[in-house]
Amino acid sequence: MHRLILFTFALLAPLLAACTAIPTQEFAAYRASFAEARKAGEQIMLDAYAVDDALTAQTTPRKVGEWSFKKIEASFRVVDRAAVRLAAWDVVDRYNATLASLASGERAEALGQDFDGLAAAIEKFPFDELASGVASSLGPVGPAVQAIKFAATAAKREGDRRRFVEAVRAARPFMRQAINLLKADADTFYGYHTRVHVRTRQQLRDHLGTLWLDADATYSAAADPSAAPETDPARVEFERFQSLGKALDGEQLAQVVGDLNRPAGVAPMSGLLLAEARRTNDRFQALAASFAAADIRLAAYEDVLTPYAVLLLKLEESVNALADAVENAQPTAPALDELTPIAVAIRKAVAKYEEVRR
Amino acid sequence: MNPSNEMSNDFYRRAAEVLGKIRSSTKSSPAQKQAAKEEFDRLDKDFVGWLHAEEAKRTAAFQEFIANMNRVIAATGDRSSAAIKQLSKLIEAATAVLNA
């Protein structure tokens with residue numbers, strides 16, 4: 001029994017020296033930052049890949065007649081980029097849960113329950129059937145196991161705090177690496193949306209080129225070669241569209257407005273030319289609206305990415321704050337409420353032991 | 001152009017804009033417009049190829065990260081609880097045998 005008590009004190013020795021401090025505030029802030037960043041990050045990633053997949057399908061025509069098993073196998077072996085990233089978020093979530101369980105003392109409680117099970121099993125063990133008088137010579141086994149339980153759970157609590165510190169320390173470079181990967185991913189996600197924007201603008205520019213050709217043909221046909229250029233309604237109208245087109249080219253889209261009033265001195269447009277001018281004007285305006293809509297779509301996406309970037313920066317800050325807090329934490333004296341039950345249990349075990357010996 | 005060295009979102013956008021202006025300009029000949037279109041298709045292909053290649057490198061890095069974090073998690077585990085459970089089971093089994 002003396003050995004048991006010595007063992008109990010040996011278990012308690014590190015705990016009695018000093019307790020490892022867990023920076024609970026920094027840990028809570030880090031977990032909150034992570035939860036927010038994950039929620040936004042997963043959504044943004046899945047959206048970006050949907051955009052990329054759709055555009056890739058659209059721009060990569062299916063080739064018929066080139067099927068081979070090797071090609072199927074090669075595409076089968078391609079790592080799913082989205083699944084890997086979801087797994088990366090998930091592993092951090094499991095790491096956080098592990099840290100939380102270390103910090104909360106729940107593992108120590110579970111260990112205590114295991115000791116209760118052990119004590120119950122020992123109590124039922126038929127020592128006397130094995131050899132007469134063994135139980136009485138062993139003394140009160142239950143209280144002794146209880147004493148070990150208190151000491152072991154306290155030691156475990158301290159061990160878990162140290163594991164928390166070691167885990168944060170070990171994960172720090174990996175977490176930093178992952179955040180850098182997420183930052184670079186955000187640029188790629190923007191790249192996919194940039195591609196959609198740029199390709200839309202290319203198409204609109206082609207429409208603009210076609211509109212120029214149409215306008216040129218229309219007004220050339222309607223021009224009166226005998227009239228002075230500044231009084232010929234067809235040529236004046238063409239000049240006006242040319243200036244609108246330049247404005248569009250220079251992205252001053254606000255200048256693209258319909259103004260079919262003729263300047264003084266210009267002959268009124270014929271009914272046919274006026275109808276054509278209105279039609280061309282409408283096409284210019286629709287094109288200008290499409291250019292603006294493409295910009296609005298990209299701007300809206302930027303408005304999604306910007307807060308996400310801020311969340312990543314906050315996550316980075318919180319990871320660093322937690323790691324710094326762990327490095328700088330001062331050992332604290334063990335809390336009295338943790339030690340009292342241990343001391344009481346040991347005293348009870350010793351008292352029982354003395355009683356049996358007498 | 002070597003896409004991996006020079007490509008970026010900004011480069012792609014600026015180059016595409018220049019080519020787009022050639023495509024819509026009244027001063028461009030049809031041949032120039034066609035050449036600008038073909039050049040844009042090349043640029044676009046290079047750009048998406050670059051995005052995918054950079055992303056694939058990061059996918060591999062994420063896999064490495066997952067393995068590293070799994071090791072960190074595994075290192076926090078301990079066997080004390082399992083050992084006590086095992087001991088309890090052993091005693092229970094022995095009790096059952098002795099009481100039989």
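## Where the two chains meet

Between chain A and chain B there are 7 salt bridges. One pairing that joins the chains is Arg23(B) with Asp206(A), whose closest N and O atoms are 2.5 Å apart. Also between chain A and chain B are 19 residue pairs in polar contact, with both residues at pLDDT 80 or more. As that score hints, this is a predicted model, so please read every value here as computed from it.

Which elements of chain A give two or more residues to the side that touches chain B? They are α2 (24-59), α4 (81-104), α5 (106-124), α6 (127-130) and α8 (141-222). Helix α8(A) provides the largest share, with 31 residues. Sorted by class, this side of chain A has 33 nonpolar, 10 polar and 19 charged residues.

## How much is covered

In terms of contacts, 62 residues of chain A touch 46 residues of chain B. Together the two chains bury about 4,900 Å², and 62% of that is on carbon and sulfur atoms. On the chain A side, the residues that lose the most area to chain B are Asp114(A), Leu181(A) and Gln202(A), which together make up 12% of what that side buries.

## A look at helices α4 and α5 of chain A

Let's start with α4(A). Its 24 residues should span 34 Å at 1.5 Å a residue, and the C-alpha atoms at its ends are 35 Å apart, which agrees. At the N-terminal end of α4(A), Asp80(A) acts as a cap: one of its side-chain oxygens lies 3.0 Å from the backbone nitrogen of Ala82(A). Just after α4(A) comes Gly105(A), with a positive phi of about 85°.

Helix α5(A) has 19 residues and reaches 27 Å from its first C-alpha to its last, close to the expected 27 Å. Which residues of α5(A) are buried? They include Arg107(A), Leu111(A), Asp114(A), Phe115(A), Leu118(A) and Ile122(A). Asp114(A) has already appeared above, as one of the residues that lose the most area to chain B.

## Salt bridges within the chains

Over all chains, the structure holds 26 salt bridges. In one of them, the side chains of Lys183(A) and Glu316(A) meet at 3.1 Å, N to O. Lys183(A) lies in helix α8 of chain A and Glu316(A) in helix α10 (residues 271-328) of chain A, so this pair ties together parts that are 133 residues apart in sequence. Lys183(A) is partly exposed, with a relative accessible area of 28%.

Another pair is Arg235(A) and Asp232(A), whose side chains form a salt bridge at 2.9 Å, N to O. Is each partner buried or partly exposed? Arg235(A) is partly exposed, with a relative accessible area of 27%, whereas Asp232(A) is buried, with a relative accessible area of 2%. Chain A also has a network of salt bridges that links Arg38(A), Glu42(A), Asp90(A), Asp93(A) and Arg94(A).

## A pair along one helix of chain B

Chain B offers an example too: the side chains of Asp10(B) and Arg14(B) meet in a salt bridge, at 3.2 Å from N to O. Both residues lie in helix α2 (residues 9-24) of chain B, 4 residues apart, about one turn of the helix. An α-helix has 3.6 residues a turn, so residues three or four places apart point the same way. Asp10(B) is partly exposed, with a relative accessible area of 45%.

How values were computed:
Residues are numbered from 1 along each chain as its sequence is written. Chains are lettered from A and ligands numbered from 1 in the order in which they are written. This is a predicted model: local features need pLDDT of at least 70, side-chain atom pairs count only at pLDDT 80 or more; totals for chains, interfaces and linings use all residues. Side-chain values use heavy atoms; hydrogens and water are left out. Contact means heavy atoms within 4.5 Å. Buried area is the accessible area (1.4 Å probe) that two parts lose on being put together, summed over both. A salt bridge is a side-chain nitrogen of Lys or Arg within 4 Å of a carboxyl oxygen of Asp or Glu. A polar contact is a pair of N or O atoms within 3.5 Å; within protein, one must be able to donate a hydrogen and the other to accept it, and residues adjacent in sequence count only if both atoms are side-chain atoms. Ala, Val, Leu, Ile, Met, Phe, Trp, Tyr, Cys and Pro count as nonpolar, Asp, Glu, Lys and Arg as charged, and the others, Gly among them, as polar. The expected span of a helix is 1.5 Å times one less than its number of residues. Buried means under 20% relative accessible area, exposed over 50%, partly exposed in between (1.4 Å probe, protein chains only).
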